[in-house]
Amino acid sequence: MSEELAEVDFQRFWRRLQQLGLNAYESRSYLVLLGHPKFKALELAARAHVPRQKIYEVLDSLVEKGFAQVVQEKTKLFSAVEPSLAIPGYLARKRQILEQELMDNGRAGSGLIDDLKSLYSEGQGGRGTLDFLRIVTEPAQTGAEYRRMLCEVTREYLEFSRPPYAVDPLDEKLVKQAAANGVACRILLESSTLDEEHRQRLADYVASGVEVRCADSLPMKLALFDGENGMIALLDPVITRPMWTSVVFQHEGMGEAMKGLFEDRWRRGTNL
């Protein structure tokens, strides 16, 4: 019975090590090493059921990832690195590699945007009949559109803020920066959904020159820039898993209508 339980544990740990990033051979070899002080390579291959021609490659990889170490005696032996050292060290190196890849991708992506802009413009062949309206469903693209317009606003920024609140330090910084640049910023939000942490962030807004009021309820998410550019976020009422769909617009009439709606709700709102 104990051997059966040990096999169940072995399989469970084997799968968890693979979730961490080790391959199947590496995971099996490390688990076998943990249960013994040291092994010759070919002895480990037999115990861990790793092909003999693969074992040296597997051990080199475990050493490189910090899960095994070489004990040099008359012949080369291998032992496990203690898990509390091996796993944090491996995750730290993995995080560093991923962060470097993201930085490299970010630089490459920024350069690619400029290179492809002209190609995109040429491919559109002029403005279409609905170029002033665009549907955006991907959250990252919605955030990018929002920040672009927030960076370009010069006179006035109006917002309906309702849950779920997408709190992003960069967004907060850009709103405060707009207020510091002389943009008239007003935010109207649903009071019933506020918690203490969100109230504190809004108090920081007020201290930065942003006007904030509360309303009992709001019909949508809205961000309006200079009375002409903006986005409306509507909750899809049909699908099983609710999600927001954003309409990005650049239209003077649409902007005027949205500002009228905002001013009506703003007058009925109460100070934070």
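Is histidine 49 buried or exposed? Histidine 49 is exposed, with a relative accessible area of 60%. The views below come from a predicted model, and they begin with the whole chain.

**View 1. The whole chain holds nine helices and 10 strands.** The chain has 272 residues, and 34% of them count as buried. Take the contacts in the chain with a separation of 6 or more: residues 24 or more positions apart account for 64% of them. The structure holds zero disulfides.

**View 2. Helix 2 meets helix 3.** Two packed helices are described by the angle between their axes and the distance between the axes. Here the axes of helix 2 (residues 24-34) and helix 3 (residues 41-48) come within 9 Å. They cross at roughly 105 degrees. Angles of 65 to 115 degrees count as roughly perpendicular, so helix 2 is roughly perpendicular to helix 3. Helix 2 brings Arg28, Ser29, Val32 and Leu33 to the contact. Helix 3 brings Leu44, Arg47 and Ala48. Four of the contact residues are nonpolar, one is polar and two are charged.

**View 3. Histidine 49 sits in the loop between helix 3 and helix 4.** Helix 4 spans residues 52-65. Most residues other than glycine have a negative phi. Histidine 49 has a positive phi, near 60 degrees, and is a residue other than glycine. The 60% relative accessible area of histidine 49 makes it exposed.

**View 4. Eight strands form an open sheet.** The strand order is 3-9-8-7-4-5-6-10, and the pairing is mixed. Strand 3 (133-136) and strand 10 (270-271) stand at the edges. Each has a single partner strand, so one side of each is left without a neighbour in the sheet.

**View 5. Strand 6 and strand 10 run antiparallel.** Strand 6 covers residues 211-215. Two bridges join strand 6 to strand 10. Arginine 213 stands opposite asparagine 271 of strand 10. Cysteine 214 is buried, with a relative accessible area of 7%.

**View 6. Helix 6 lies across five named strands: strand 3, strand 4, strand 7, strand 8 and strand 9.** Helix 6 covers residues 139-152. Strand 4 spans 156-161 and strand 7 spans 221-225. Strand 8 spans 229-235 and strand 9 spans 244-250. Helix 6 runs at about 150 degrees to strand 8. Cysteine 151 counts as exposed, at 54% relative accessibility.

**View 7. Threonine 142 lies in helix 6.** Is threonine 142 buried or exposed? Threonine 142 counts as buried, at 17% relative accessibility. Which residues is threonine 142 in contact with, leaving aside its neighbours within four places in sequence? They are Val136, Met231 and Ser246.

**View 8. Aspartate 226 lies in the loop between strand 7 and strand 8.** Aspartate 226 is not a glycine, yet its phi is positive, at about 55 degrees. Is aspartate 226 buried or exposed? The relative accessibility of aspartate 226 is 15%, so this residue counts as buried. Histidine 49, from View 3, is exposed.

Key
Residues numbered from 1 in each chain as written. Predicted model: local features only at pLDDT ≥ 70, side-chain atom pairs only at ≥ 80, totals over all residues. Heavy atoms only, no water. Axes fitted to C-alpha atoms, helices over the stretch in contact; angles between N-to-C directions. Helix = DSSP H or I, 4+ residues; strand = E, 2+ residues; numbered from the N terminus. Parallel < 35°, antiparallel > 145°, perpendicular 65-115°, else oblique. Contact = heavy atoms within 4.5 Å. Nonpolar A, V, L, I, M, F, W, Y, C, P; charged D, E, K, R; others polar. Disulfide = S-S within 2.5 Å. Buried < 20%, exposed > 50% of the residue type's maximum accessible area, 1.4 Å probe, protein only. Pairing = 2+ DSSP bridges.
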